[in-house]
Amino acid sequence: MKRPILIHPDPRLKKVCTPVSDLSDDLRQLADDMLETMYDAPGIGLAAPQVGVTRRLIVLDCVKDEGEAPRPLVMFNPDVVASSDETNTYEEGCLSIPDQYAEVTRPKLVDVRWIDRNGNEQNETFDGLWATCVQHEIDHLNGKLFIDYLGAMRRQMITRRMQKLKREQARA
Ligand code: NI
């Protein structure tokens, strides 16, 4: 089932999310719903607070080639355990900040540890777009958005645009 995506600014997008201790069917259903919502948007990553659930859960799939098989990843309690000094700059966007993009510089490589949909611990090194995406999504779990990496003027400009968008949506 698709879930509505919260638009910035929203207090739920600023919360530090709580870890998942028991993998319930409800949480697995939430993960499945988030994947459906992400693919439908379409997007390459989504964090639980973006659908109003302040728990440490993200989903992502950065496969871009149409011919390549999808690779949906579900991560409970994801953590960056190591990151490279070398950095990468990507133009980032966010489903909670529609149609706004900005360059953000982050470590190029990250080792991430997480619990998968079956409750098993996983560990993988991500590079390129995958590395940027997983860091962007983990930031959401700590109440941080990609616009927090920008200067105050730019951030305020984008926030005002989103406030206007939300007013328009509320009237519609
Ligand atoms: Ni985002």
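## Nickel site and nonpolar cores

C94 is buried, at a relative accessible area of 10% (buried means under 20%, exposed over 50%, partly exposed in between; 1.4 Å probe, protein chains only). This is a predicted model, with local features needing pLDDT of at least 70 and side-chain atom pairs 80 or more, while totals for chains, interfaces and linings use all residues. Residues are numbered from 1 along each chain as its sequence is written, and side-chain values use heavy atoms, leaving out hydrogens and water.

C94 holds the nickel ion together with H136 and H140, all lying 2.1 to 2.3 Å from the metal (donors are N, O and S atoms within 2.8 Å, or 3.2 Å for Na, K and Ca; with no water among the atoms, sites may look incomplete). Their spacing in sequence reads C-x41-H-x3-H. C94 and H136 sit 42 residues apart and link distant parts of the chain (DSSP runs, numbered from the N terminus: helices are H or I, at least four residues; strands are E, at least two).

| Donor | Element | Relative accessibility |
|---|---|---|
| C94 (SG) | strand β4 (residues 87-94) | 10% |
| H136 (NE2) | helix α2 (residues 128-141) | 6% |

Helix α2 also gives the largest share, 7 residues, of the largest nonpolar core, which has 18 residues in total (a core is a set of buried Ala, Val, Leu, Ile, Met, Phe, Trp, Tyr and Cys joined through side-chain atoms within 4.5 Å). β2 (57-60), β3 (73-83) and β6 each chip in two or more residues too. Another core, of 14 residues, lies apart from that one and includes V20, M34, A48 and L57.

M75 ranks among the residues with the most contacts inside the 18-residue core, as do I58, L60 and V134. Beyond four places in sequence, M75 is in contact with residues including W114, I115 and F126 (contact: heavy atoms within 4.5 Å).
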